[in-house]
Amino acid sequence: MAETLVKDLIEEARNERRARRLAVREFRPRRAFAGFAAALLVTVVGGVAAVELLAAALGSAVHPVPGVAAAADALRRRAWHDPEVLAGAGAVAVLGLAFLLASLPGRPRGVPLAGSDPRLAGVIGRAALRRALEDAALAVPGIERARVRGPGPVRRNVVVWATTHYRNPANLADLVRDAVDERLDHIEPMRRPDVDVRLGWRKD
Amino acid sequence: MRIAIALTGAALFLCGGAALAAGLGAFDALAALSAGASGGPLSARPLIDVAVLRFVEDNTWFLVTAAVVAEVAALAGQLWLVLQCRALIHRRWPDVDARTRVLARSAAEDLNRDARDLPGVEDSRVRLTGTVVRPRLRMRIVCAGDAHLSEIYGELGAGPVERYRYMIGMPDLPVVIRFRSASVRFGRRRRPKPDIH
């Protein structure tokens with residue numbers, strides 16, 4: 001009995017881990033544009049270089065690819081410290097840096113939902129999550145306005161700015177926190193954020 | 001994909017950075033040590049220097065090796081492009097046999113109907129994507145703002161999605177569900193004013 005229970009627990013934990021891995025893989029940005037640009041660049045530069053180098057290796061004095069003769073002539077005339085060369089080198093370095101930054105994992109598109117099926121991945125959009133939490137805060141009697149800032153790459157908590165027309169807010173902040181928590185229970189994100197409520201009230 | 005982008009970026013960054021450093025005179029002292037002061041500082045020399053041309057003429061293997069490396073890079077780039085285009089096309093048109101496609105179409109209708117019957121679900125769309133080796137079912141569910149998402153997600157996974165897998169004969173088919181709110185507005189929200197008659 002106890003052995004079955006432990007096995008079930010281990011299996012469930014493993015399934016949750018696999019479900020999380022599927023969600024991360026599916027909802028991570030694909031960087032399609034960066035990938036396409038890098039592949040095109042490697043193909044064009046590699047192809048042109050291969051044709052030119054093979055022609056030179058075979059002893060041909062002609063440049064088979066149009067425009068390369070003029071470029072080679074310019075490279076022979078310009079020194080490393082020429083402003084044009086420095087600008088070109090800087091542009092290449094910046095492009096490389098952009099590709100390096102694009103290769104970073106990035107944050108998932110949307111907020112993944114918790115689940116224990118390793119073949120299933122669910123996500124809710126960040127705007128939809130914010131709106132759902134704002135609706136929950138507005139449902140608290142006395143709350144006039146509500147704005148929510150969702151979890152980000154650095155900050156892990158949800159910040160709710162709520163405003164009431166009451167002069168004495170009493171436990172309104174706790175009520176807003178409970179309402180937002182309850183809505184988060186309905187949504188069940190994979191990483192449950194803490195809720196931070198900032199309440200504004202009438203001071204006159 | 002990400003590793004290939006990182007390698008391309010690193011190569012470009014190193015080449016650009018090295019050229020920038022050479023132009024700003026960072027390697028002048030090093031070049032003077034190795035070749036003496038005969039050619040002047042490295043930053044003042046042309047990009048295609050006489051010394052480079054002489055080295056290429058003396059070592060015939062260099063051009064052939066460089067050409068082979070460039071050819072391999074060009075072929076790898078072409079393969080990478082083809083793989084990306086293939087993945088892009090198969091996101092829209094799945095690479096599965098005709099029988100599976102017909103089964104998937106009828107199963108999708110059932111799945112959409114079952115999903116729309118769940119409380120809080122307003123619309124549902126599904127699409128089978130990918131290849132026979134790596135298939136995916138992508139679902140887009142539009143829900144009411146106050147819908148019980150975790151319940152809908154659990155119900156979908158336990159019932160309709162499992163039936164879909166069974167119908168098309170892919171028991172391990174990964175399913176990706178995107179939930180959307182029926183109406184998403186941005187900015188600060190206000191409680192709606194009550195109607196006064």
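**Helix H5 of chain B**

I began with the outward side of H5(B). The face turned away from its buried side carries the exposed residues B:Ala98, B:Arg99, B:Val102, B:Arg105, B:Ser106, B:Glu109, B:Arg113 and B:Asp117. Note to self: this is a predicted model.

Next I looked up the buried residues of H5(B), and they are B:Ala104, B:Ala107, B:Ala108, B:Leu111 and B:Ala115. They span an arc of only 130° around the axis, so they sit on the same side of H5(B). That fits the general rule: an α-helix has 3.6 residues a turn, so residues three or four places apart point the same way.

What covers those buried residues? I found that the cover includes strands E1 (121–130) and E2 (135–143), plus helices H6 (149–158) and H7 (160–168), of chain B.

I also checked the length of H5(B): its 20 residues (98–117) reach 29 Å from first C-alpha to last, close to the 28 Å expected.

**Helix H4 of chain B**

I moved on to H4(B), residues 60–92, which has 33 residues and reaches 50 Å, close to the expected 48 Å. Its buried residues are B:Ala67, B:Ala70, B:Ala74, B:Gly77 and B:Trp80. I see them packing against helix H2 (32–57) of chain A, together with helix H1 (2–23) of chain B.

**Chain A in the record**

I looked up chain A in UniProt, where an unreviewed entry lists residues 32–58 and 85–104 as "transmembrane region". In the model, 32–58 of chain A is 96% helix and 0% strand, with its end C-alpha atoms 39 Å apart. For 85–104 of chain A I noted 90% helix, 0% strand and 29 Å between the end C-alpha atoms.

Definitions and conventions
Residues are numbered from 1 along each chain as its sequence is written. Chains are lettered from A and ligands numbered from 1 in the order in which they are written. This is a predicted model: local features need pLDDT of at least 70, side-chain atom pairs count only at pLDDT 80 or more; totals for chains, interfaces and linings use all residues. UniProt positions are given in the numbering used here, feature names are shortened, and annotations may be inferred rather than shown by experiment. Helices (H or I, at least four residues) and strands (E, at least two) are DSSP runs, numbered from the N terminus. The expected span of a helix is 1.5 Å times one less than its number of residues. A residue is buried if 20 or more other C-beta atoms lie within 10 Å of its own, exposed if 12 or fewer, and partly exposed in between; C-beta atoms are placed from the backbone. Two residues are in contact if their C-beta atoms, placed from the backbone, lie within 7 Å. The arc is that of the directions from the helix axis to the C-beta atoms.
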